[in-house]
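Trainee: Could you take me through one part of this model in detail? I'd like a close look at a single spot, and then how you would read the rest from there.

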Amino acid sequence: MAKMQENWRDIIADRLRERNKNESARFADIIHYNNRLFDTAAKLRQENLDLKIDRKIRDSVNVSGAGGGGGTTFGTDVATITNAQIQSLEKKVLAQQEELTDLHKRKGEHSQMVITLNQKLTELQRLLAEKERALADQTALCASLKEELDEMKASHVTIKDESLASQLRANTAEDKLRAVQDENTKLLNLLMEYKSRDAEIMNKENDKFVKEKKARIESELERAIRDIPGPSSIGADLDRFDVDGLPEGVEFKFDAHDGEVNAVRWSPIERIVATGGADRKVKLWDVGKGVCEQRGVLVGSNQGINSVEFDTTGSMILAASNDSASRMWSVVDHRLRVSVL
């Protein structure tokens, strides 16, 4: 940095010397005329002194001529010579005065030119000082920018290294993620397999439960049939289906559900039968018109229905399902009102 400053300072000094030389060459004529003016002035002063001496001689000659007549001829000759010299000297004085006037005029012009050039030189020096200050500022700024550039290069190298490290970590994390995803897929497949097994086991248990329940119901029906009394003990009120005595055949036969029918219940106020089956539905049937007509389907259960019951008013119906839940519906609008797990 110091070497750079010395170099540009030497360059500026050389340029200043060259400019001084060029500017001095412009004023060579002025300097010559000034020197010539001084020489002419000295010469004029000398000639003026000679004129004064000649005048004193002439005065002395005139005085001596007036004092005696013997010197008349000599005085006349001296006067003639002196007058000729005076005229010659007067012409020279006039010429010198004109030349002096011209030189004074040129001196004034040259002085004005020197003042103008000095002003320009001052202005140029001021501009040069401003340029030097600007150059110093730019040099300092350049040095600062160079330092910042070096810092940015170092930061770039650091960031590049960090980016490579981050990329390596990202690749490692992706490998780990793939491994975890593969393991998760294996665990999910294993879980689905276990669930399938559990579902098969549950289906087997449900089938077993349904078979046992069916066998129990059939056994209870057989016992109930065996326990039915004879016709004499039944009583007189057997007109439910407008027949006399016990039913001798099937009054209605219809497919109530898709699958097994697990529960049947009469309504206490109407000739409506409610059925519940393995298809997770409770259905209402109207049997009062001599035919079996479906009055509605009650849905909302998650497992098969195993029990149904009307309330005393016949407006609500309660059903229990295999998912250990009980649900209550409205008979009028068939809407689910309560669900208890």
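Mentor: Happy to! Let's start with isoleucine 53, which counts as partly exposed because its relative accessibility is 42%, and that class lies between the 20% limit for buried and the 50% limit for exposed. Do keep in mind that this is a predicted model. Isoleucine 53 sits in helix α2, which covers residues 28-67. On the surface, Ile53 joins Leu49 and Ile57 in a nonpolar patch. Together the three residues of this patch have about 260 Å² of accessible area.

From the helix, let's move on to the sheet. Four strands make up an open sheet in the order β1-β2-β3-β4, and their pairing is antiparallel. At its edges are β1 (261-266) and β4, each of which pairs on one side only. On average, neighbouring strands of this sheet are turned by 20° against each other, with direction ignored.

Now for the β3 and β4 end of that order. Strand β3 spans residues 282-286 and strand β4 spans residues 293-298; the two run antiparallel and are joined by five bridges. You can follow the register residue by residue: tryptophan 285 has glutamine 294 of β4 as its bridge partner, while aspartate 286 stands opposite glutamate 293 in β4. Between the two strands of this hairpin there are six residues. For a backbone detail to check in your viewer, look at glycine 290 in the hairpin, which takes a positive phi near 85°.

Technical notes: Residues are numbered from 1 along each chain as its sequence is written. This is a predicted model: local features need pLDDT of at least 70, side-chain atom pairs count only at pLDDT 80 or more; totals for chains, interfaces and linings use all residues. Side-chain values use heavy atoms; hydrogens and water are left out. Two strands pair if DSSP finds at least two bridges between them. Patches are made of residues with over 30% relative accessible area and no salt bridge: like charges are joined within 9 Å, nonpolar side chains (Val, Leu, Ile, Met, Phe, Trp, Tyr) within 5 Å. Accessible areas come from the Shrake-Rupley method with a 1.4 Å probe; for residues, only the protein chains shown count as cover. A salt bridge is a side-chain nitrogen of Lys or Arg within 4 Å of a carboxyl oxygen of Asp or Glu. Buried means under 20% relative accessible area, exposed over 50%, partly exposed in between (1.4 Å probe, protein chains only). Axes are lines fitted to C-alpha atoms, for helices over the stretch in contact, and angles run from 0 to 180 degrees between N-to-C directions.
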